[in-house]
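Reader: Got a minute to go through a model with me? I'd like to talk about its holes, its surface and its charged pairs.

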Amino acid sequence: MTTTLDPPVPIGKAAVGALGLLALFTGALESVVSPTIPLLERELDMSQSEGALLSIVLLVTGALITPLAGKFGDRYGGKRVLIRLMAVVAVGGTVSALAPNLPVLLLGQVLQGAMVGALPLSFIIVRKNLPPGESRVAIGVVSGLFVGGGMVGMLSAGPVAEELSRHWMFALPTIAVIGATLLVNRLMPSDQPGGSDDAGIDWPGLLLLSGVLVTLMLVLALAPEAASQPLVLGALVVSLAVFVTGWVSVERRAASPMIDLHMLARPAIWKACAPTFVICLGTSMAAYLVPQLLDERGDGYGFSASATEIGFLLLPGAVAATLAGPLGGIGDRRFGSRAVVNAGVVMLAVSLVVLASVHTEAWHVVVGKALIALASGLCVTAMMTSTATAVDAKDTGIATSLILVSRVLGYAVGGQLGGALLTAATPSGSEVAAESAYVTGFVIAGVVTSLALFVTRTMPKGVKE
């Protein structure tokens with residue numbers, strides 16, 4: 001029996017604006033941790049490796065939730081899944097706001113990670129209800145506002161944590177997220193489901209991927225202590241290989257895989273996912289190292305900045321990242337994705353290497369971070385918009401979720417590598433990491449980022465309309 005779907009209900013500027021507000025506030029909630037990591041390390045007595053773990057655990061959860069969110073959005077309707085997902089985010093924000101210690105705060109961040117899945121769901125909604133040209137601009141705007149929320153979070157987190165408490169820096173954006181979710185629920189028409197409901201959830205794939213990510217984080221966290229715990233590290237590496245092998249095997253045979261490896265094998269998809277991973281890995285190392293360098297109190301390096309000062313110093317980078325969203329979408333439409341991504345990769349790699357050599361003044365770090373944020377945003381937005389419009393509309397959620405998974409995996413690995421470098425370079429009994437750790441981290445990030453050019457130079461010039 002054939003089911004006739006009602007035609008999509010056109011969405012107006014108010015509905016798109018509601019999606020944009022939700023993206024803005026979720027971006028703010030996501031970003032409050034970054035500028036306050038040094039403050040949280042002191043208040044909760046965390047090591048730098050634990051600080052790096054806190055900075056990326058939300059992204060690890062996002063890597064698990066995003067493909068499920070994209071698939072469910074394609075199948076059941078983007079709005080329906082989005083509202084339920086944001087309820088989980090609201091609970092996570094509340095737990096983070098009330099957390100008395102690190103374990104509870106980590107739990108809150110795990111629940112907040114559901115917010116990463118909101119982006120592909122928003123893309124599904126606008127793709128179904130807007131023509132191709134308008135949907136591409138809307139995707140760029142929503143992506144840019146999500147990044148722009150980072151500006152709000154970075155700017156407000158320090159003053160709120162220092163003037164009120166660290167609890168309020170989670171509570172305030174959580175309240176805003178709840179309000180924006182109610183607004184989306186009121187203004188956004190429900191979109192039609194895109195498939196049948198009889199395909200089950202790939203629980204084996206989900207559990208195995210969870211094992212991959214958790215084991216990978218443990219390997220990176222213990223890497224600085226490899227000399228004292230070689231057997232433990234070796235066992236974790238073997239476990240990681242087993243999890244990866246098992247996950248690939250399960251996903252290749254699953255009737256409804258969590259991550260469609262066949263879609264991932266398409267040139268248009270893997271040529272976007274691979275560069276996204278290495279670009280975000282390099283960006284994440286810088287995103288972790290820069291606040292630590294601003295807080296550092298070393299002899300001849302570091303700036304002893306407070307959480308509020310760090311937020312203001314990171315503000316230009318957040319502004320640049322916000323502009324990168326719409327600029328990436330416009331550049332993709334006018335010049336093609338390959339030109340935008342290649343230019344962004346070159347800018348990013350050069351900025352990272354220069355920052356490794358020149359970081360004696362605060363403005364060196366501020367300008368470097370702004371260029372890094374702009375370049376990274378241009379790259380990721382161009383690849384996101386080109387991928388979203390290069391597949392059939394029914395596959396939009398799955399395809400964009402693959403890009404987002406690559407993004408969050410890159411951020412998770414890069415942040416943990418940055419933490420491992422600083423932990424290894426901090427003498428026992430000291431709280432000051434050696435300057436060489438920062439130099440090494442920025443150089444590694446620049447070299448890794450430049451590897452993306454081997455793939456991006458073979459990308460198609462334009463996108464499929």
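What follows is a run of questions and answers on this predicted model.

Reader: Let's start inside. How many cavities of 30 Å³ or more does a search of the whole structure find?

Author: The search covers the whole structure and takes cavities from 30 Å³ upward. With that cut-off, the count is four.

Reader: And what is the volume of the largest cavity?

Author: Its lining takes in 39 residues, with Glu 30, Met 154, Ala 287, Arg 407 and Tyr 411 nearest the centre. The volume of this largest cavity comes to about 830 Å³.

Reader: Which helix gives the most to the lining of the largest cavity?

Author: Quite a few helices supply at least two residues each: H1 (13-31), H3 (48-76), H7 (132-163), H12, H13 (307-335), H15 (362-388) and H16. By class, the lining splits into 22 nonpolar, 14 polar and three charged residues. The top contributor, with seven residues, is H15.

Reader: Now the second largest cavity. Which helix gives the most to its lining?

Author: This second cavity has a volume of about 50 Å³. Its lining is made up of Leu 19, Leu 22, Ala 23, Thr 26, Ala 118, Leu 119, Ser 122, Val 142 and Phe 146. Two or more of the lining residues come from each of H1, H6 (118-129) and H7. With four residues, the one that gives the most is H1.

Reader: How many charged residues are in the lining of the second largest cavity?

Author: Sorted by class, that lining has seven nonpolar residues and two polar ones. As for charged residues, there are none: the lining has no charged residues.

Reader: On to the open spaces. Which helix supplies the largest share of the lining of the largest pocket?

Author: The largest pocket holds about 490 Å³ of space. It is lined by 19 residues, and Glu 41, Met 46, Gln 48, Ser 430 and Glu 431 are the closest to its centre. Helices H2 (37-43) and H12 (267-295) each supply at least two residues. The largest share, three residues, comes from H2.

Reader: How many residues in the lining of the largest pocket are charged?

Author: Four of the lining residues are nonpolar and eight are polar. The charged ones number seven.

Reader: What about the second largest pocket: which helix gives the largest share of its lining?

Author: That pocket has a volume of about 430 Å³. Of its 17 lining residues, Trp 247, Leu 264, Val 405, Ser 406 and Leu 409 sit closest to the centre. Helices H9 (203-222), H10 (230-253), H11 (261-264), H12 and H16 (396-424) give two or more residues each. The largest share, five residues, comes from H16.

Reader: And how many nonpolar residues does the lining of the second largest pocket have?

Author: It has one polar residue and no charged ones. The nonpolar count is 16.

Reader: How about the outside? What accessible area do Leu 164, Trp 168, Leu 172 and Ile 175 have together?

Author: These four residues form a nonpolar patch on the surface. One of them, Leu 172, lies in helix H8 (residues 166-187). Patch members need over 30% relative accessible area, and Leu 172 is partly exposed at 40%. Together the four have about 410 Å².

Reader: Last topic, the salt bridges. Arg 42 pairs with which residue?

Author: Side chains of opposite charge can pair when their charged atoms come close. The structure holds two salt bridges. In the one with Arg 42, the closest N and O atoms are 3.3 Å apart, inside the 4 Å cut-off. The partner is Asp 295.

Reader: Why does the pair of Arg 42 and Asp 295 tie together parts that are far along the chain, and how many residues apart are they in sequence?

Author: Arg 42 is partly exposed, at 48% relative accessible area, whereas Asp 295 counts as buried at 9%. Arg 42 belongs to helix H2 and Asp 295 to helix H12, so the bridge links parts whose separation in sequence is 253 residues.

Reader: And Glu 43, which residue does it form a salt bridge with?

Author: Glu 43 is partly exposed, with 46% relative accessible area, and its partner is buried at 9%. The closest N and O atoms are 3.2 Å apart, and the partner is Arg 166.

Reader: Which helices does that pair tie together?

Author: The two residues are 123 apart in sequence. Glu 43 lies in one helix and Arg 166 in another, so the bridge ties together H2 and H8.

Note on methods:
Residues numbered from 1 in each chain as written. Predicted model: local features only at pLDDT ≥ 70, side-chain atom pairs only at ≥ 80, totals over all residues. Heavy atoms only, no water. 1 Å grid on protein atoms, 1.4 Å probe; cavity = no way out; pocket = protein on both sides within 12 Å on 5 of 7 lines; lining within 4 Å. Points joined across faces, edges and corners; volume = space filled by probe spheres on them. Nonpolar A, V, L, I, M, F, W, Y, C, P; charged D, E, K, R; others polar. Patch = residues over 30% accessible without salt bridge, like charges linked within 9 Å, V, L, I, M, F, W, Y side chains within 5 Å. Areas by Shrake-Rupley, 256 points an atom, 1.4 Å probe, with all protein chains shown as cover. Salt bridge = Lys/Arg side-chain N within 4 Å of Asp/Glu carboxyl O. Buried < 20%, exposed > 50% of the residue type's maximum accessible area, 1.4 Å probe, protein only.
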